[in-house]
Amino acid sequence: MIKLLASVSGPAEALVALRGGADIIDLKNPSDGALGAVSPKIIEETIAAVGARRAISAVAGNLPMEPEAVARAIEARCAADYVKIGLFPASREDIAAVIEAASHYSEKSLLIAVLFADREPDFSLLEELADHGFCGAMLDTMEKGAGGLTRHLSPARLRDFVTRAKSLNLMVGLAGSLEAPDVQRLSILEPDYLGFRGALTSGRRDAAIDEARVREIATLIAGTSSIAHPLSDPSHALDRQDAPVMAGGDRVFVEDFVLPLEIGAYAHEHGRTQEVRFSVEAIVAPIPSAARTMADIYSYDVIIDAIRTIAEAGHTVLVEELATRLAEDLLLDPRVRQIRVRIEKLGLGPGAVGVEIARRRPQSAPLR
Ligand SMILES: O=C[C@H](O)COP(=O)(O)O
């Protein structure tokens, strides 16, 4: 079950977030950049207001990568269940020294490292964090207003982050100007929580958070729990060739999406990319006429992300392999009844060459 982390400025907003359904109350000063800290007094007041009802985290601040400064900031915030420590751009040695200094507080509070998606995050730090007693790692963006998380890192990179962090038993979070449509596509990666601030207000990031918006995001996140995720449920990846024809449904499609790909069996096709065009159609249950939010629909973004992930996976010999992998990946989602994938190589001859396949969900597999 993915949790909602809501960033709030103090006790009053914490109660709004709580009523709206947030799972983790995250204290930060939204007027002061990505990781503006609140005072220890505000942390105390928030703990008093929220009590044991929710876990509370507090950010250490927008700090230079200096061990003493970071240690002092953590020390002052250990009353919170979690302390979030930003790993800001610096040399590897400086960051390692900060991680080492922070590790002395891992018994007093649960430590979460924040890596910045828009500052070329180094995922090899995850091992270091796990070795130094950190409880978790998350991605966020440093420059608010310069695009959200998915603008800065591809689906494959995000998946890599989540997979690596989980393999090290780190609790993993994703954040960074997330909006409602991001929930479905990021939930497929199965992070432990998604972090929000800007989308919870009715205006700017430093405006007050709005209970209805918190509830909307909380509902969206809760709605993703019944989706079978590719990372955790390979059991649905059955051979779908012989499955009986399903009843129809509505079409969600991505057409003529062209990406440069390393593909082909010839030697001259290795070590270079060529343009490949993807057209994918998913047949889903009829869209209810009352559909108004992302929770009610299957998003074409999920298809786009699956295509991008496959495109980044390195050299593929056959378009057929690409097509079947993509179809199987998308059919892991129980909302998808049938999938049609058309893949064309555009740079080989006078026209396009490629394959088109259709795969269906077996009758035995769960449907939605
Ligand atoms: O920790 C999560 C952040 O507070 C997210 O803030 P944002 O959604 O405004 O980028």
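In this predicted model, the centres of domain 1 and domain 2 lie 33 Å apart, taken over C-alpha atoms. The domain assignment places domain 1 at residues 3–226 and domain 2 at residues 234–360. The two domains touch. Domain 1 gives 14 residues to the contact, and domain 2 gives 11 residues.

On the side of domain 1 that touches domain 2, the elements giving two or more residues are three helices: α7 (155–167), α8 (180–187) and α9 (211–223). Helix α8 provides the largest share, with 5 residues. The class make-up of this side of domain 1 is mixed. Nonpolar residues number 7, polar residues 4 and charged residues 3.

A helix pair was also examined. Two packed helices are described by the angle between their axes and the distance between the axes. For helix α1 (residues 11–20) and helix α2 (residues 40–50), the axes come within 9 Å. Their crossing angle is roughly 35°. The crossing of α1 and α2 is right-handed.

Both helices supply named residues to this contact. From α1 come P11, A14, L15 and L18. From α2 come E45, T46, A49 and V50. By class, the contact of α1 with α2 has 6 nonpolar residues, 1 polar residue and 1 charged residue. The charged one is E45 and the polar one is T46. The nonpolar residues include L15 and L18 of α1 and V50 of α2.

Methods. Residues numbered from 1 in each chain as written. Predicted model: local features only at pLDDT ≥ 70, side-chain atom pairs only at ≥ 80, totals over all residues. Domains from an automatic or database assignment. Contact = placed C-beta atoms within 7 Å. Helix = DSSP H or I, 4+ residues; strand = E, 2+ residues; numbered from the N terminus. Axes fitted to C-alpha atoms, helices over the stretch in contact; angles between N-to-C directions. Left-handed = near helix turned anticlockwise from the far one by under 90°.
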